[in-house]
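Colleague: Could you take me through one part of this model up close, and then show me how that part sits in the rest of the chain? I would enjoy a connected account rather than a list.

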Amino acid sequence: MEETKKVESQYEMINLLQGVNLFSHEDYISFYKKSLEAKSKVMGLMGGATRIYAKLENDTAINIENERRFNQEIKSRYKEEFGLDSGFFKLCNILSNSKDVVGNKHSSGKKITKVINQTPELGEKVVLLYSQVKNSFIIPDSYLVVSVEPYDFVMMGKGQGWHTCYQPMGEHYSGGYSLALDKFTFLTYIITQNPNKMGDTEIPLGKIYRRLAVFNKTYDGMMMSTQYPYKNSGMEEFTTNFLEQLFFSSLGEEIVYKHDKHIKTYKTSLSQIYNDFTLASSMKRENLYVGVDREEDLLKYGNPFKCLHCGGHIALNDMPICSDCEYEIYGDDWSDIM
Ligand SMILES: [Zn+2]
């Protein structure tokens, strides 16, 4: 019963975010079941759960995240109160030359508040703003989520204050469905609230960070993709250590972490995913192999995903339905113009 209710509210949220009804509740249930079937091996390694939570206990991760949020917060508060004037750029300059923004340490050795106070465009009013932001700052109650929940794949492009081409009706929206249907891909993401205090449909939407991972065929190694929407080495360390314990500790073998171009990750042909293992700019690529050491390997991910509505044709990239069904739903919008 509870499962039925969960899937029903997921379906409602999907329709809300799509802004249009593209497939029926029954179509979603059938997709949901197929996805769980495909992930049965990974779910087995997760003790039968679709999501596993771990409280983030890593000072580096929390500190890096705090610095990032503090920077964002003080800049937006400044803009709100004083506008985008010359002082704003002075403030940005001071912040980027700071070793520890939350800890009030400027790279010159002075306190950040002192540097702000001595800058004519800024002065006491901005020192006050700095203290207000600092006082309101609380270390987030953050959790790592490891997930094969089908709904989380559908929502993989949408986070707290950011989105990617996988978001509902985004350029590669169908990519999430495609990943939900392969046997190897799972998601890792970080939320800043206790998941027990959140509604099921809200959990993936509250993520501040996401990284996907693909198992190899023998499930003794995995490739981690690019970190979104930014790189956080503390979160990376916490995530990879947790995954090593969760998936590989029972193997009794030495586990390596390496960037190696001989371990390749391909998308299955016709799959609607955006292959961020090979297509992301080389500067941003952070492919990391974690698992039993091997000289080379070939990993494949994503499944060619068929229209959720008719099940006949391959779905479009930006919609989980085919072009025929799109026509059926939207009709010929050109007819009025022709
Ligand atoms: Zn169709």
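Modeller: Happy to! Helices here are DSSP runs of H or I with at least four residues, and strands are runs of E with at least two, numbered from the N terminus. Counted that way, the protein chain has 11 helices and 13 strands. Please keep in mind that this is a predicted model.

The part I would pick is helix α9, residues 173-180. Eight of its eight residues are buried, so "buried" deserves its cut-off: 20 or more other C-beta atoms within 10 Å of the residue's own. The residues in question are Tyr173, Ser174, Gly175, Gly176, Tyr177, Ser178, Leu179 and Ala180. What do they pack against? Their partners are two helices, α2 (25-38) and α8 (150-154), together with two strands, β7 (185-191) and β13 (297-301).

Helix α10 makes a good companion to look at. This helix runs over residues 233-248, 16 residues in all, and spans 21 Å from first to last C-alpha, close to the expected 22 Å. Its buried residues are Met235, Glu236, Phe238, Thr239, Leu243, Phe247 and Phe248. As background, residues three or four places apart in an α-helix point the same way, because there are 3.6 residues a turn.

Now let us step back to the nonpolar cores. The largest one has 62 residues, and Ile190, Met223 and Ile321 have the most contacts inside it. Strand β8, residues 207-215, is its biggest contributor, giving six residues. Around Ile321, setting aside neighbours within four places in sequence, the contacts are Leu22, Phe23, Cys307, Leu308, His309, Ala315, Leu316 and Glu326. There is also a second, separate core of 13 residues, with Ile74, Ile116, Leu122 and Tyr130 among them.

The chain is divided into two domains: domain 1 covers 2-56 + 142-301, and domain 2 covers 60-135. Their C-alpha centres lie 35 Å apart. Where they meet, eight residues of domain 1 are in contact with six of domain 2. The domain 1 side of that meeting has three nonpolar, four polar and one charged residues.

As for the whole chain, 36% of its 338 residues count as buried. Among contacts with a separation of 6 or more, 68% join residues 24 or more positions apart. Along the principal axes, the C-alpha atoms fill a box of roughly 70 × 65 × 40 Å.

Methods
Residues are numbered from 1 along each chain as its sequence is written. This is a predicted model: local features need pLDDT of at least 70, side-chain atom pairs count only at pLDDT 80 or more; totals for chains, interfaces and linings use all residues. The expected span of a helix is 1.5 Å times one less than its number of residues. A residue is buried if 20 or more other C-beta atoms lie within 10 Å of its own, exposed if 12 or fewer, and partly exposed in between; C-beta atoms are placed from the backbone. Two residues are in contact if their C-beta atoms, placed from the backbone, lie within 7 Å. Domain bounds come from an automatic or database domain assignment. Ala, Val, Leu, Ile, Met, Phe, Trp, Tyr, Cys and Pro count as nonpolar, Asp, Glu, Lys and Arg as charged, and the others, Gly among them, as polar. A nonpolar core is a set of buried Ala, Val, Leu, Ile, Met, Phe, Trp, Tyr and Cys residues joined through C-beta atoms within 7 Å.
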